[in-house]
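Please open the structure in a viewer and keep the sequence beside it. The stops below indicate what to select next and what is to be found there.

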Amino acid sequence: MSRTVTLILLDAAGRPLGALPPFGVPEPWWQEVGSIVAAVRQRHGLEVAVLRLLDADRPAPPGGHVRYVAQVVDAPAVSLEPVAVDLAPHPLRQPWAEAGGPADSVAWATGELRRLGQRVTAVAQQRTWNLSAIWRLDTDQGPAWLKQLPPFSRHEPTVLAFPVDQGVCVGVDLPGDPNSLINGPVVLAADGKGRMLLANVPGEDRYGAGEGERAAVAAEHHAVQLRACEVVGELVAAGVPDLRGARLAGWIRERLAGHDVSAAAGLLDGLDHRLRQVGDCGLPDTLVHGDLHPGNVRGDDGHRTVIDWADSFAGHPAFDILRLTEDVDAGAAARLIDAWARRWRTDVPGSDPHRAVDLLRPVAPLRLAAVYAMFLDAIEPSEHPYHVHDVPAALARAAVVARP
């Protein structure tokens, strides 16, 4: 599957110029814009910054004919099609989706790299949507990455740079910064307003990882979560969302208010009781990645770094093993969960990890439904197609899992 793209161009001052002729790009995922920028450069000799999704010919990604707003510095020589487009400001529009926003962010990152003694030689926009904007910056000392986050994810640099208590024995040597609590990308700079500059993580995203590699990820992540148990209160005080214990039920209900939750009504009605039962299983609260699948692990067969901590929160460790095992066959999932449970029983004698997993199975998609609802509440309507179908789909999954 591929995309057909139409760009509505704005000039350097943010005024509309017209639309480029439609063209195709190979990736179907709407937020991926690197190939769009490259195609415009190759076809028209123009440097553009894609600002945001405008609309599409289908209700949700992937694929189809998608229109974006983009900004160009130099007046294009190509003939543009006149278009009527609403460019009115919106209170929920992210800074990188505004005219001039990408240039401001790249200028900040370039200045930070210069302060670190690195000279930027090339900049490539990679992704833009309501959850983040990402650029690769090549320097004379290797690549760095600029990531910009919306308000509900701005705790990510805090998590990435959170210092480790050197007195905690973690049991597994982790790659990356030995002074950091987690095994994640190194933060080179952060502005406190959603921008962060990250050191390059070598390797590839580990989509399609098999059982053996997932087992290694789970073991390394257990070490992170074990030592995070000691500082979970400090993480919350630093701004990490607090979804510990009964707080999770209130958070889910608050975010799903206004949505049709009839599919999971029984699960929601019994959620407080279920979470109390989870608490009786004896596992400690810790730092939860929130989206621990192989695509958020980067590296090779022997060296792995967990990336994209924007969905992280303080809560129950079982959420991460449930995410890591949700797309493997039942036998592999059972073996991975058994190994996870053995580690926790060893470290927390008397705990019942298997029961905790069983109780939280339907809560995991229920929490995701609330996460998607949070996204919808915080983004402008033109970007709703990214997530509008995710809420009912997650609620339906939760209902299915909750059935006896």
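Which residue in β14 is the bridge partner of valine 297? Select valine 297 together with β14: the partner is valine 306. Bear in mind throughout that the model is predicted.

**The open sheet**

Extend the selection to strand β13, residues 297–299, which pairs with β14 in the antiparallel sense over 3 bridges. Next, add β11, and the open sheet of 3 strands appears in the order β11-β13-β14, with antiparallel pairing. Its edge strands are β11 (204–205) and β14 (304–306), each of which pairs on one side only. In general, the strands of a sheet pair through backbone hydrogen bonds, in either a parallel or an antiparallel manner.

**The nonpolar cores**

Now select Leu7 and Leu366. Within the largest nonpolar core, which has 94 residues, these two touch the most other members. Colour helix α12 (residues 363–378) as well, since the largest share of this core, 12 residues, comes from that helix. Apart from this core lies another, of 13 residues, including Trp108, Leu113, Ala133 and Leu137.

Return to leucine 7 and display its surroundings. Beyond its neighbours within four places in sequence, leucine 7 is in contact with residues including Gly18, Phe23, Ile36, Val48 and Tyr68.

**Leucine 368**

Proceed along helix α12 to leucine 368. Is this residue buried or exposed? Leucine 368 counts as buried because its relative accessibility is 17%, below the 20% limit. Its contacts, leaving aside neighbours within four places in sequence, are Ala394 and Arg397. For a sense of scale, select alanine 75 too: the C-alpha atoms of leucine 368 and alanine 75 lie 44 Å apart in space, and the two residues are 293 apart in sequence.

**The second largest pocket**

Select Val48, Ala49, Val73, Pro102 and Ala103. Among the 17 residues that line the second largest pocket, these lie nearest its centre. The space in this pocket is about 390 Å³. At least two lining residues come from each of α1 (34–44), β4 (48–56), β5 (64–72), α2 (101–115) and β6 (120–129).

**Serine 351**

The last stop is the loop between α10 (330–347) and α11 (353–360), where serine 351 is placed. Serine 351 counts as buried, because its relative accessibility is 9%. Show the backbone of valine 348: its oxygen lies 2.7 Å from a polar atom of the serine 351 side chain. Setting aside neighbours within four places in sequence, serine 351 is in contact with Cys281, Gly282, Leu283, Trp344 and Arg345.

How values were computed:
Residues numbered from 1 in each chain as written. Predicted model: local features only at pLDDT ≥ 70, side-chain atom pairs only at ≥ 80, totals over all residues. Heavy atoms only, no water. Helix = DSSP H or I, 4+ residues; strand = E, 2+ residues; numbered from the N terminus. Buried < 20%, exposed > 50% of the residue type's maximum accessible area, 1.4 Å probe, protein only. Polar contact = N/O pair within 3.5 Å; in protein donor to acceptor, adjacent residues only side chain to side chain. Contact = heavy atoms within 4.5 Å. Core = buried A, V, L, I, M, F, W, Y, C linked by side-chain atoms within 4.5 Å. Pairing = 2+ DSSP bridges. 1 Å grid on protein atoms, 1.4 Å probe; cavity = no way out; pocket = protein on both sides within 12 Å on 5 of 7 lines; lining within 4 Å. Points joined across faces, edges and corners; volume = space filled by probe spheres on them.
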